[in-house]
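Colleague: Could you walk me through this structure, one question at a time? I am new to this, so please show me how you get to each answer.

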Amino acid sequence: VQLQASGGGLVQPGGSLRLSCAASGSMLSIPVMGWYRQAPGKQRELVAQVLSGGQATYADAVKGRFTASRESAKSTMYLQMYNLKPEDTAVYYCNAVVIRTVSGAPSTYWGQGTLVTVSS
């Protein structure tokens with residue numbers, strides 16, 4: 001299973017970006033997909049999670065500004081980010097909990113990360 005994240009870049013404060021994460025490989029289901037971020041000198045933190053049914057939860061720091069969604073048929077997840085702030089600057093990683101076989105246990109996979117820089 002591979003996760004490919006894309007969409008990062010440089011944006012001015014107040015701007016918007018949309019990140020994408022595409023999962024590929026042998027998969028039976030993906031119960032949970034999530035976005036994490038890691039700023040310089042800080043620990044990786046959860047930004048948003050989306051269940052297979054579409055329910056999304058968010059970190060307090062991004063509530064009302066970020067929207068996470070999934071397109072299950074394409075095993076793809078998105079993170080639409082609005083009103084970006086300098087403190088949103090970080091490498092954003094996608095994460096997926098994947099079930100590969102009927103009797104298999106869930107496994108967690110990570111994408112390679114995409115850099116988001118919010119600066120004027």
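Modeller: Happy to! Let us begin with Arg70, which, leaving aside its neighbours within four places in sequence, is in contact with Ile30, Pro31, Val32, Met33, Val50, Leu51, Ser52, Thr76 and Met77. Do keep in mind that this is a predicted model.

Colleague: Which strand does Arg70 lie in?

Modeller: Look for the strand whose residues take in number 70. The run of residues 66-71 does so, and Arg70 therefore belongs to strand 7.

Colleague: Which side chain of opposite charge is nearest to Arg70?

Modeller: Arg counts as positive, so we look for an Asp or Glu. The nearest one is 10 Å away, and Arg70 is buried yet has no salt bridge. That nearest residue is Glu71.

Colleague: Then which backbone oxygens does the side chain of Arg70 reach?

Modeller: There are two to point out here. At 3.2 Å, the Arg70 side chain reaches the backbone oxygen of Val50. At 2.8 Å, it reaches the backbone oxygen of Ile30.

Colleague: How many salt bridges does the structure hold?

Modeller: One of them pairs Asp60 with Lys63, at 3.2 Å from N to O. Another joins Glu45 to Arg37, with the closest N and O atoms 2.7 Å apart. In total, the structure holds four.

Colleague: Is Arg37 buried or exposed?

Modeller: Buried means under 20% relative accessible area. Arg37 has 7% relative accessibility, so Arg37 counts as buried. Its partner Glu45, at 38%, is partly exposed, but the answer for Arg37 is buried.

Colleague: How many residues apart in sequence are the parts that Arg37 and Asp88 tie together?

Modeller: The side chains of Arg37 and Asp88 meet in a salt bridge at 2.9 Å, N to O. Arg37 lies in strand 4 and Asp88 in the loop between strand 8 and strand 9, so the pair ties together parts of the chain. Those parts are 51 residues apart in sequence.

Colleague: Which residues are linked in a network of salt bridges?

Modeller: We have already met Arg37 with Glu45 and Arg37 with Asp88. Arg65 belongs to the network too. The linked residues are Arg37, Glu45, Arg65 and Asp88.

Colleague: And how many bridges join strand 3 to strand 8?

Modeller: These are bridges between strands, and one of them has Arg18 with its partner Gln80 in strand 8. Strand 3 also runs antiparallel to strand 1, with five bridges joining those two. Strand 3 and strand 8 run antiparallel as well, and the bridges joining them number six.

Technical notes. Residues numbered from 1 in each chain as written. Predicted model: local features only at pLDDT ≥ 70, side-chain atom pairs only at ≥ 80, totals over all residues. Heavy atoms only, no water. Buried < 20%, exposed > 50% of the residue type's maximum accessible area, 1.4 Å probe, protein only. Helix = DSSP H or I, 4+ residues; strand = E, 2+ residues; numbered from the N terminus. Pairing = 2+ DSSP bridges. Polar contact = N/O pair within 3.5 Å; in protein donor to acceptor, adjacent residues only side chain to side chain. Contact = heavy atoms within 4.5 Å.
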